[in-house]
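Work through the exercises below with the sequence and the model side by side. Try each task before reading its solution.

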Amino acid sequence: MSEWQVVKPRRAREEEKHQEEEEQPDEEEEGRKEEGEGQGEASSSNGSIPAPQLTREIIACQTAGALFKLADKHGASFNYIHSAAALTRVAKLPLGVAARSPVRGRAGQAGQASAAESKAKDGVRILIQLARERLPRMQSQALANTLWAVSKLGGDDRAFVAALLKRAGGRLPSFKAQELANTAWALANMGHNDAAFMYALLAAARPKLTNFNAQDFANMVWALATLAFHSAPFMHDLLAAATTKLPSFSAQNLANTSWALATLGFNDNAFMSALMASAQPKLTSFGASTLSNMAWALATLGCKNAALMSALVASAQPKLSGFGAQALAITVWALGILGYKDKAFMVDLLVAAETKLPSFNAQDLANTVSALAMLGYKDTTFMGALLAAAKPKLRSYTAQNLAITAWAIAKLHHNDAVFMGALLMAAKPKLTSLDAHNLGNLAWALAALGHNESAFIGSLLVAAQPKLKSYTPQDLAITAWALATLGCNDAAFMGALLVAAEPKLPAFSVQALASMAWALAKMEHSDAAFMDALVVAATPKLPALNTAA
């Protein structure tokens, strides 16, 4: 039996808003620039309000409505600095949330909410139009702040975003560290992937990395991961600069950074060691989603650190009731991948998970059962509840998740014939999409459970035969063993399997050679040439073979 390559769970859904701590632009700093480049332009045509006073009034607005009224009265007096400050301010106020999330309640309340939402959207459109008209004069900070604000407000105006990027592109070298990091964050938050702009942004950021603070580093690496934007040279430089500042990283910064590195598949051992050392004393301040994301990142990157995991588990245990379904599934999965066993924690973790199993999706369920199998953790009551939750969702499982589930159930010796029947029914039409490893382990699971359904096995062999050349030695041995155990002697399939296996025999492990020889004897399958080759491959391994026997 081979170890299972489990599908990595995605980061959590609605409860996993990774970058809630993004560094917000400073409207006051923007306003101070008026004393230089913007002051003359900022005065209204009739001189009714000085530019600095207008800036102060923008910053002083405590509601979106007040800001919209100010823009309606003095919009003609806005220069590009005022436009950027107004958008930045409104993005920080509760307007946008209210506009996108109308109040639910009685009909009258819904109507009021709808009217307020419409008014807020109109106000935002006016502010964006003011900024659009002043875009040709915008400089670095105003551009960065406007992009950040547009992103926070939904980023729906793609034409305006494109115009902002066009204006910003040639000015990136003048952007400060925070402006570069916030711009990258804004693009990622909007899902706006402009490769040419990103390469230019990274080129501008690289010589300024020593000026990045903890939030800038976290924002930048989060943005790269969210955009799936890979640049190994930049990442090496970024992590080298970030290492010295890890002590100042917040819990969220540490979790976001580790999540981003795992998402990018970028494992810098020295940096991760330093990150784990910084994270350990701060784990008590981590929230539920932050803890599960940290566990996910460590597992994905293969970072085994017993002391850190012990501290993570200690922090998570009293907070398990606050974990969402996916956070629970991710945590179990991470423990399985890392091989971290803590019985007391697992008991509490599964108690918390059992109450939320109806909310687990197919991936959550498959990852949970596979993790239990990897850990060898048997809990009959929890398994019954998990399979009950999984059964009505089997048709939504991917082929791989079905195979993973069958493998895990077999490894845990939890034989539920009714569930397995439903699983095979869901799997049968998807068999052709399984790869060699999945097919081999599915065959092993059927044999280990003694689940001999000839029609399904026939379909499995039809799906497997064209892929036999891609089977590893272990997959080939497992498949032969499974067929022999099930008493399924398909001469044509076995002939094809031996043809695929013979050139790989020198790479077979001792156990694989023994399993293959046993299977051929059990099925009374005679192939002299193959047996000669098997003997040749086994002879130098006889001492180990005798030990295994």
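**Exercise 1.** Find the residue with positive phi that follows H8, and describe the helix before it.

Solution. Step 1: go to Gly 154, which comes after H8 and has a positive phi, near 120 degrees. Step 2: locate helix H8 itself, at residues 140-152; helices here are DSSP runs of H or I with at least four residues, strands are runs of E with at least two, and both are numbered from the N terminus. Step 3: check the length. H8 has 13 residues and spans 18 Å from first to last C-alpha, close to the expected 18 Å at 1.5 Å a residue. The expected span is 1.5 Å times one less than the number of residues.

The model is predicted: local features need pLDDT of at least 70, side-chain atom pairs count only at pLDDT 80 or more, and totals for chains, interfaces and linings use all residues. Residues are numbered from 1 along each chain as its sequence is written, and side-chain values use heavy atoms, with hydrogens and water left out.

**Exercise 2.** Decide why H8 is described as largely enclosed.

Solution. Step 1: apply the cut-offs: buried is under 20% relative accessible area, exposed is over 50%, and partly exposed lies in between (1.4 Å probe, protein chains only). Step 2: count. Of the 13 residues of H8, 12 are buried, so the rest of the structure largely encloses the helix. Step 3: look at examples; among the buried residues are Leu 143, Trp 148 and Val 150.

**Exercise 3.** Classify Ser 83 as buried or exposed, and list what it touches.

Solution. Step 1: place Ser 83 in helix H5, residues 80-92. Step 2: read its relative accessible area, 1%, which means that Ser 83 is buried. Step 3: leave out residues up to four places away in sequence; Ser 83 then touches Phe 78, Leu 130, Ala 131 and Arg 134. A contact means heavy atoms within 4.5 Å.

**Exercise 4.** Place Gln 215 and Glu 524, and give a distance for each.

Solution. Step 1: Gln 215 belongs to helix H12, residues 214-226, and counts as buried at 11% relative accessibility. Step 2: its C-alpha is 6.3 Å from that of Glu 23, with the two positions 192 residues apart along the chain. Step 3: Glu 524 sits in the loop between helix H28 (510-523) and helix H29 (528-538). With a relative accessible area of 72%, Glu 524 is exposed. Step 4: from Glu 524 to Ala 484 the C-alpha distance is 9.5 Å, and they are 40 residues apart in sequence.
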